[in-house]
Structures are given as C-alpha cells and as structure tokens.
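Here's a quick briefing to read with the structure open beside you. We'll go through the sheets, then a pair of helices, then a single residue.

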Amino acid sequence: MKAQSEMLDQFHKIIREQLLYSVYQPIVSLQDGQVMGYEALIRGPKESPFHSPLAMFQFAEQEGELYPLEQLAREKAIQGSILEHPQQLLFINISSQVLYDPGFIPGKTLEILQRHGLNPSNVVFEITERSSIEDFSLAKKILEHYRKQGYRIAIDDAGAGYSSLQAIAELQPDFIKIDRSLIEHIHKSKVKEYILETFVTFAQKMNISLIAEGIEHADELIKLTRLGVHYAQGFLLGKPEVSAAKVHDHLAMLIWQHRKVQGLSMTWNIGDLATPVQVFDKRVLISEVADYFKKNQDAVGVVITSEEVPVGLVMRERLFQHLAGQYAFSLFWNRTIDGIMDEAPLIVDEFMFVEQVSQMATSRSIHHLYDLVIITSYGKMAGAASIRTILESITNVRMESARVANPLTGLPGNLQINRELTKRINESKPFHVVYADLDYFKWFNDRFGFQKGDQLIQYTADIMQQAIAVCGTPHDFVGHVGGDDFIAISVTREPEQLCREMIRRFEQGVKVFYEEEEWEYVWDRSGNKVKSEGVTLSLSLVVCSCESPISLEHISHTAATLKKKAKAHQGSIYYFQNIG
C-alpha cells in the first residue's frame, strides 16, 4: 500500500512539474524516400519507473489519471516538435477513452499549437488501442469537430484485432497504421502479402493513406514498397530521437527502385498546371479580401500565406456567405482573414502526378469539391489549379495517349517518344536512352505464327516496364517505336544495371513461347542460316551526360551504331556509349 502511495506521489510530481519529454520517430514516404512526418512518443524521467510510456499510461489508467497525463503528453509533443517544413505532419497519440473527456473538447490543443507556431493542418490524432471505443456515434461527433478545425485522424494497430477494423469502418480515418504483426517477415508470407494487398485496394478506394509500422529489415521495406503501401515507420528507417531524421541514401535508393510506378506513359506533374493566384498575408483584414473579390469578378479564390508558405484558402462564395448575415458585415469586416479562412485546403507539391492529385481533390467533401488546389515548390507558394483544369488535362492526356499509342502494347508511339526525348534534351540534365530490338523475330513469327509473335512483343513491353519499375525512377518513360523495337528513357544512377535487368527478365521467360520445340539453326532477316537457341534481346545504351549540346539525330545515330555491334554478337547483350 505504501509503495502504491509513493508511486502515486511520483506520478503527481511528474504531472505537476511537467517532467515528461517527447522523442520523434520518422514516417517515410514509399514514393520518394522523404520524411513526411513524425510520431511523437512520450517518455518519463530517465531514472524513474515511469520512463517507459507503457508503464506510465497503464498506471495512469488504473488510478483514473489518464486525462491529465494525455493533456501534458500532447503539450510536450507539440512543444518539442521538430517539423522541418509546413508539409510535414506530427502524429500525436491519444487513447480512445480521452475522447470523452470534457477537458479534451474546448480547444486547448489549438492554443498550444498557436503558441508554438503550428497549425491544426500539421497534426494527426492517432487513436491508440489502449481501450476499445465504446460509443462510436459520440466519437464520430467529437472527431468531426476536430476535422472541421483542420486536424486529421489515424487509426493505430490495424489488423491486430476486430476493434481496430470496426474503428476504420465507423470513423473513416485519413491514415491507417498497419500493425507490426502483419509487417514482420511479410516477404516470406503470402498470406500477409494478400492481406496487405486488400488493405491497399481498400485504401485507394477510400482515399486513405496506409502507414506500415515496425519495419526492421530491408526485405520488408522492398515488399511493402512494391505492394504500393504509402508510408513506412520502423527502426530500419529511423529510431525515436529528439532531433530531425534523414533517411539513409541506400534506403532511399531501395524505395526509388521498387516503388509502385503510377503508369509509365504521359504522366504529368501538377506543377505543369499551376497558374498564378492572388495571395494575401494571414494578418490582412477581411475587408481587403472582400474588396479584391468585388473588383475581380472572375476570381474564384485567394490563397492565404505566412512568409510565402500557404496556410489557408478563401473561396469567393464562402466569404460572401460569411458576410451575408444581418450583423456579420460589422462583426467580421475589420477582423483578420486567418479567422475565417479554410485552414486545411488541399496543398500539393509541384512534382505530384496530376492523376494522384485528382483522386485527392475529388474525394473531398461536397462542400470543398470545387475548391482550388494549392501548389507548392519546396514548400513555398507556386500557384493553384482548379478542379476543372485538372480533369480537363487528364481527359486530354488520355485521348492523346489513345490516339497515338501503339495499338498492340498500349505504349506511347513515335510522336510521344520524340516529344519526350526533346523535353529531356531541353532540360539539359543527364539521362539515358535504351533502344531494345529482338533478334530473329521474323524467324519466330514465321515458325510459330503471328499470334505468338504478338504475344512475344507484348511480353517484351512488359519486361521493359517491369525492369524500369525495379531499377528506374518515377519519371522514367517506356515507348514502342514499332514492330519489335522499343525505347526506354531513364535517369537512374545505374543504367547498366537497368540493361542487365531487362536481359535477365527476357531470358527468364522467353523459352515459354517455344512450345518445347527444338532446333539448331534459325534464319536472320536476310535469310541466312544462323546457329542460335532462339530469339535474343539486343540493347543499345546511350548515356547522355548533357555537358555539351546533343540532338535527336546524335542519339539516334549512336544507338544505331551500338545496335549493329550488339546484333553481331550471339545471345542477349547490351553495348553502351557516352555522348554530350
């Protein structure tokens, strides 16, 4: 009894003197290997029995002291925040019990955020499984209150039990954190892989982001990246620390190599659609913004910034709705715009794919469906795009793609290939061109028939794209020149590895097309008898360093020379040359 009393005294001292501190574990994007945010993890005094958060929270729950502990933990998490730019997120754990605490509702978290220069749009409340949610309708109402202020919601430990799956269905969170039990050794378990695939499909349809927890091995990271999971967290990527994290280069490279490619043809970045938009500082008066809208009838919205960083959005119709009430005009007119702006608009980086932004924009609530999408460059204001512009660009790209794509493989044809090459040349940044050609394809077509020939062409298109997905980057390109000729344009750091991967994949599967027939000789295009085991792949790798001017003709001539050398060699092979 005495020991329990002493423990309670220690606990009260920790709360009274605010002896907690926070460490931060990075959450990493499996699209680009960058840190998207941090989970704040609370710690007690180092020499105390309450240093472990598990022991501390269990004791607090037993003693009915959970609410003051949660409140202090939130404050410490925000106070020590190590967010490096406005796009990063801070994940703060809250137990489901604390949702019903009257002290949690009035807005203390908002006061703390403002004190430390953060916004609700930087915060994700992570509902932990310390106890099950008992009243989903009440929890939903409370969380909706926070969502309206700009906070986001994550459900923790998904897959660990029925209650978390019920919470996902009822609360429809912005993030789902996949429990370590499903992640551990996923590269060795087909069952776990199939479960994760189901989560990925579900998340895509619901516009929810997945975060895989507890990653400790590179093989787990590779598998999750290939499956299309959005984010990852674990000791492999970074341990909880008090300072900002940086992902090791070799891990970032693994993510780039194995990321799920969002389509390899005609992909546009949202930055291509950015147009200028009127910007106001967050401390400007509402009257000034209203006056701007009156003078500019075509303006549908304005962006609110703080030191060039977008922090809010004001749409014309919504502003005038605010001012339409009987006393609203006099009430709001001389207040600052940050009091009524939308604090959680859709803000995206200029390099995000247009189709990805479209999915995010059209999954917003009906009240925000036609709001402007704000586009940033390195976290600073770059412009905006309307939903109409985004949808029109996707329609135009798809129509253009269908019109000029190769009808057999669906890959971009010569018009798009030339555009892509010209674009790379004009950018004056290093890139690589791989020309691929099938040897003895005419012999194969004559012997096995045009249907098998078409299948072999499609197979070659597939292995080119698969090799790019594994060894390339998100901005690489695969095209079909025509017949049995293909082209890949890449900015990978290891172009020779890309060629080797193409050859490996081709050799691995081409024998399936031979229907177990045997032969000793094949015939080349000139009708000459050649000793060969069958169709092989010749690659010409043109490494364009772009240190001096190059042209389409220069690339084409170099590739033709290399192709001649490759075809003179028996078997699948690549030759390369540096130009520019």
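**The three-stranded sheet**

Strand β13 (residues 373-377) pairs with β14 in the antiparallel sense, over 5 bridges. Keep in mind that this is a predicted model. That pairing belongs to an open sheet of 3 strands, and a second open sheet has 5 strands, in the order β16-β17-β15-β20-β21.

Around β13 and β14:

- Follow the bridges to S377 and you'll find its partner in β14, K380.
- The sheet's order is β12-β13-β14, and its pairing is mixed.
- At the edges sit β12 (347-349) and β14 (380-385), each of which pairs on one side only.
- From one strand to the next, the twist averages 35°.

**The five-stranded sheet**

- Here too the sheet is open, with mixed pairing, and the order runs β16-β17-β15-β20-β21.
- Its edge strands are β16 (477-482) and β21 (573-579), and each has pairing on one side only.
- The twist averages 20° from strand to strand.
- Inside the sheet, β15 (residues 431-439) and β17 (residues 485-490) run antiparallel and are joined by 6 bridges.
- One handy marker for that pairing is H432, whose bridge partner in β17 is S490.

**A helix across the sheet**

- Helix α20 (residues 552-567) lies across four strands of this sheet: β15, β17, β20 (536-544) and β21.
- If you want its direction, α20 runs at about 145° to β20.

**Two helices in contact**

- Over at α2 (residues 53-62) and α3 (residues 66-79), the helix axes come within 8 Å and cross at roughly 140°.
- From α2, the contact residues are M56, F57 and A60, while α3 brings L66, L69, E70 and A73.
- Sort the residues of that α2 and α3 contact by type and you get 6 nonpolar, no polar and 1 charged.

**One residue to look up: Q204**

- Where is Q204? It lies in helix α8, which covers residues 190-206.
- Is Q204 buried or exposed? Its relative accessibility is 52%, and exposed means over 50%, so Q204 counts as exposed.
- For a link back to the three-stranded sheet, try A384, a residue within the β14 range of 380-385.
- Q204 and A384 are 180 residues apart along the chain, and their C-alpha atoms are separated by 24 Å.

Conventions
Residues are numbered from 1 along each chain as its sequence is written. This is a predicted model: local features need pLDDT of at least 70, side-chain atom pairs count only at pLDDT 80 or more; totals for chains, interfaces and linings use all residues. Side-chain values use heavy atoms; hydrogens and water are left out. Buried means under 20% relative accessible area, exposed over 50%, partly exposed in between (1.4 Å probe, protein chains only). Axes are lines fitted to C-alpha atoms, for helices over the stretch in contact, and angles run from 0 to 180 degrees between N-to-C directions. Contact means heavy atoms within 4.5 Å. Ala, Val, Leu, Ile, Met, Phe, Trp, Tyr, Cys and Pro count as nonpolar, Asp, Glu, Lys and Arg as charged, and the others, Gly among them, as polar. Two strands pair if DSSP finds at least two bridges between them.
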